[in-house]
Amino acid sequence: SSEGVATPFDRTPDQPEPFGYNVSWFAVKASDPASVLGALEFGEGTPANWSSGLAAVYGKPSSGNRWVFVSPPVSGWIFAISLGWPYPTTETHHDIGTRFEILFSRLMKRFDDVQFFGSHQVSDFAAWARALNGKPTRLFAWSGSAGEVFMNFGDRSLEEAKLGLVNLTGLSPRSATDEIFRIAGEESDEQRRLVANGLSHAEAPAKVYKNGHSAFPDEENVVALAALWSIDPTQLVDDGHPPGLGLAVQLPNHLSQ
């Protein structure tokens, strides 16, 4: 439980605040934060508004406290936001993939559309996942600093294709990694060719990259995909959303990354 922890939560309803970089979140098609928290099975939450809930999420983890903020509904979606969420991976480090599967399956048993997004700039990490009607349709995770795809399950979604993301359908994580590097190599060869033909170093990438992005997945891809699947949380400014209250709860250690 969250008792005895000196994190004062403000219970004054407020409007949504933007987030979305260097953080992970589930987007769940739901209307009540308590139902999402109930599905996660983390116990009682503490009522918290956006401002204090997000401040706890982004705060320094004292003695291993990892806060989750389950937001009020925004246009039919509820976000469960944390720095500590595990992520989809076939790698065995610390059972992170297993922990992710436990949480993902708890949510998809209860809700028809469950999505996961995450990014981290320093490790060049990007991840997304979706389950529809109780079945996972897509799970993907990549780390640029590790130089590998951690997970690649399901076909490339229509929305990924629309964003010009590399088609990795049917590939194992290792083959998916090879394909991303193959295409990135083609891109840099093409840039060198254009520069040799007189284009500037600034203009060449714009000519080569699909939709302005290289083959390497990044945080901008994550929020762009969120915008197409549900909501881009970096754009949550005051556009008429009613003030609301969400719930803050600590992420249990055995389910964090």
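Two strands pair if DSSP finds at least two bridges between them, and helices (H or I, at least four residues) and strands (E, at least two) are DSSP runs, numbered from the N terminus. The model is predicted, so that local features need pLDDT of at least 70 and side-chain atom pairs count only at pLDDT 80 or more, while totals for chains, interfaces and linings use all residues. Residues are numbered from 1 along each chain as its sequence is written, and side-chain values use heavy atoms, with hydrogens and water left out.

**Exercise 1. The sheet**

Find the order of the strands in the open sheet of 9 strands, and then name its edge strands.

*Solution.* Step one is to recall that strands of a sheet pair through backbone hydrogen bonds, either parallel or antiparallel. Step two is to read the order, which is β2-β9-β3-β4-β1-β5-β6-β7-β8, with antiparallel pairing. The edge strands are β2 (46–48) and β8, each of which pairs on one side only. Neighbouring strands of this sheet are turned by 15 degrees against each other on average, direction ignored, where axes are lines fitted to C-alpha atoms, for helices over the stretch in contact, and angles run from 0 to 180 degrees between N-to-C directions. Step three looks at one pair of strands: β3 (residues 67–70) and β4 (residues 77–82) run antiparallel and are joined by 3 bridges. In β4, Ala80 is the residue that stands opposite Val70.

**Exercise 2. The helix α5**

Describe the span of helix α5, and work out which elements its buried residues pack against.

*Solution.* Begin with the span, since the expected span of a helix is 1.5 Å times one less than its number of residues. Helix α5 has 24 residues and reaches 35 Å from its first C-alpha to its last, which is close to the 34 Å expected. Next come the buried residues, where buried means under 20% relative accessible area, exposed over 50%, and partly exposed in between (1.4 Å probe, protein chains only). The buried residues of α5 are Ala176, Thr177, Glu179, Ile180, Ile183, Ala184, Glu187, Gln191 and Leu194. These buried residues pack against β7 (135–143), β8 (148–153) and α6 (203–208), and contact here means heavy atoms within 4.5 Å. The helix lies across β7 and β8, running at about 120 degrees to β8. After α5 comes Gly198, whose phi is positive, near 105 degrees.

**Exercise 3. Salt bridges along α5**

Which residues form salt bridges with Arg182, Arg192 and Arg193, and how far apart are the partners in the helix?

*Solution.* The general idea is that side chains of opposite charge can pair when their charged atoms come close. The rule used here takes a salt bridge to be a side-chain nitrogen of Lys or Arg within 4 Å of a carboxyl oxygen of Asp or Glu, and the structure holds 7 salt bridges.

1. Arg182 pairs with Glu179, and their closest N and O atoms are 2.9 Å apart. The two residues are separated by about one helical turn, because they are 3 residues apart in helix α5 (residues 173–196). Arg182 is partly exposed, with a relative accessible area of 41%.
2. Arg192 pairs with Asp189 at 2.6 Å between the closest N and O atoms, and both residues lie in α5, 3 residues apart. Arg192 is exposed at 53% relative accessible area, whereas Asp189 is partly exposed at 44%.
3. Arg193 meets Glu190 in a salt bridge of 2.9 Å, N to O. Glu190 counts as partly exposed at 30% relative accessibility, and Arg193 counts as partly exposed at 42%.

As a last step, note that Glu179, Arg182 and Glu186 are linked in a network of salt bridges.

**Exercise 4. A pair of rings**

Decide whether the rings of Phe100 and Phe116 are stacked, tilted or edge-to-face.

*Solution.* Rings of Phe, Tyr and Trp (its six-membered ring) pair if their centres lie within 6.5 Å; planes under 30 degrees apart count as stacked, over 60 as edge-to-face and the rest as tilted. By this rule the count comes to 18 aromatic pairs. The centres of Phe100 and Phe116 are 4.9 Å apart and the planes stand at 65 degrees, so this pair is edge-to-face. The pair links distant parts of the chain, with Phe100 in helix α3 (residues 96–110) and Phe116 in strand β5 (residues 113–120), 16 residues apart. Phe100 is buried at 1% relative accessible area, and Phe116 counts as buried at 0% relative accessibility. Finally, ring pairs link Phe26, Phe42, Trp85, Phe100, Phe104 and Phe116 into a cluster.
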